[in-house]
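This briefing introduces the strand arrangement of one protein chain. Please keep the sequence and the structure in view while reading.

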Amino acid sequence: MATLAAEVVPAPNASARLGPGVSGRLTRWLVAPGATVRAGDALAELQSAALTTQEGTVVELAAAVTQAQGTLDARRAEQAAGVGRAVEVQAAEASLVRAEAALEAARGALSAQRDTVSGGAGARVWRAPRDGAVQALHCAPGPLTPEDVCLTLVQPGDALLRVSVPERVDAALGLTPTLRFFPGDDRDPVEATLTGMSPALDPSTRARAVWFTAPTGAVTLGQSGPAELVIQPE
């Protein structure tokens with residue numbers, strides 16, 4: 001048996017680095033690291049002139065489609081009355097197709113920006129795209145670009161216990177040890193099973209990173225404390 005320092009970390013691929021995906025200004029955070037959020041919960045308030053402009057563009061293009069449809073209807077009526085030409089109808093049809101294509105593209109761009117951002121032209125709200133725990137905030141209030149990554153969100157249930165196993169007991173990992181973690185809050189020790197390990201010893205520390213899986217809900221991201229590496233006898 002070896003006593004080691006353990007910490008609760010996100011499982012590989014359990015975290016997502018997110019941004020609101022719009023240009024503008026982050027005015028204030030509504031969450032802090034460690035907060036648990038549900039899909040749709042407010043993360044931050046922001047302002048986005050670009051989003052307001054895109055919304056205006058959609059309105060203008062929708063009006064252009066209505067106008068193009070009216071022109072086409074008029075050309076068709078003129079042709080039916082014998083005072084219009086087929087070429088004029090064809091030109092009006094082409095104009096309507098172009099206007100509809102432009103409107104569809106603008107709506108698609110707006111929808112992509114609105115996936116997680118809601119609100120009017122004033123203060124908008126960036127909302128969580130999924131359930132998770134806020135691990136870190138990366139953006140201070142101020143200017144934003146669509147490429148900015150502002151928050152790391154972790155699936156709450158996807159947490160592992162990580163320990164560094166020194167070289168002197170590294171060979172024991174082949175015996176499939178278990179881990180007994182002591183949370184330090186007067187609860188019973190948490191029993192965890194071996195999940196994976198780094199392929200080799202770290203040359204600077206002469207230790208290997210090893211991960212263990214605890215029962216669902218037994219540990220919380222950010223916890224740390226002592227743990228006993230329990231080696232099963234051969």
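Two strands are said to pair if DSSP finds at least two bridges between them. The model discussed here is predicted. Its strands include a closed barrel and an open sheet.

**The barrel**
- Six strands close into this barrel, and their order is 1-11-14-13-12-15. The pairing is antiparallel.
- On average, neighbouring strands of the barrel are turned by 45° against each other, with direction ignored.
- Six bridges join strand 1 (residues 2-10) to strand 15 (residues 224-230) in the antiparallel sense.
- Within this pair, Ala5 has Pro226 of strand 15 as its bridge partner.

**The open sheet**
- Four strands make up the open sheet in the order 2-10-8-4, with antiparallel pairing.
- Strand 2 (15-18) and strand 4 (36-37) are the edge strands, each of which pairs on one side only.
- Strand 8 (residues 132-137) is paired with strand 10 (residues 151-154) over four bridges, in the antiparallel sense.
- Ala133 has Val154 in strand 10 as its bridge partner.

**Pro146 and its surroundings**
- Pro146 lies in the loop that runs between strand 9 (142-144) and strand 10.
- Is Pro146 buried, partly exposed or exposed? Pro146 is partly exposed, because its relative accessible area is 41%, and this class lies between the cut-offs of 20% and 50%.
- Pro146 and Val22 are 124 residues apart along the chain, yet their C-alpha atoms are separated by 4.3 Å.
- When neighbours within four places in sequence are left aside, Pro146 is in contact with Gly21, Val22 and Ser23.

Definitions and conventions:
Residues are numbered from 1 along each chain as its sequence is written. This is a predicted model: local features need pLDDT of at least 70, side-chain atom pairs count only at pLDDT 80 or more; totals for chains, interfaces and linings use all residues. Side-chain values use heavy atoms; hydrogens and water are left out. Helices (H or I, at least four residues) and strands (E, at least two) are DSSP runs, numbered from the N terminus. Buried means under 20% relative accessible area, exposed over 50%, partly exposed in between (1.4 Å probe, protein chains only). Contact means heavy atoms within 4.5 Å. Axes are lines fitted to C-alpha atoms, for helices over the stretch in contact, and angles run from 0 to 180 degrees between N-to-C directions.
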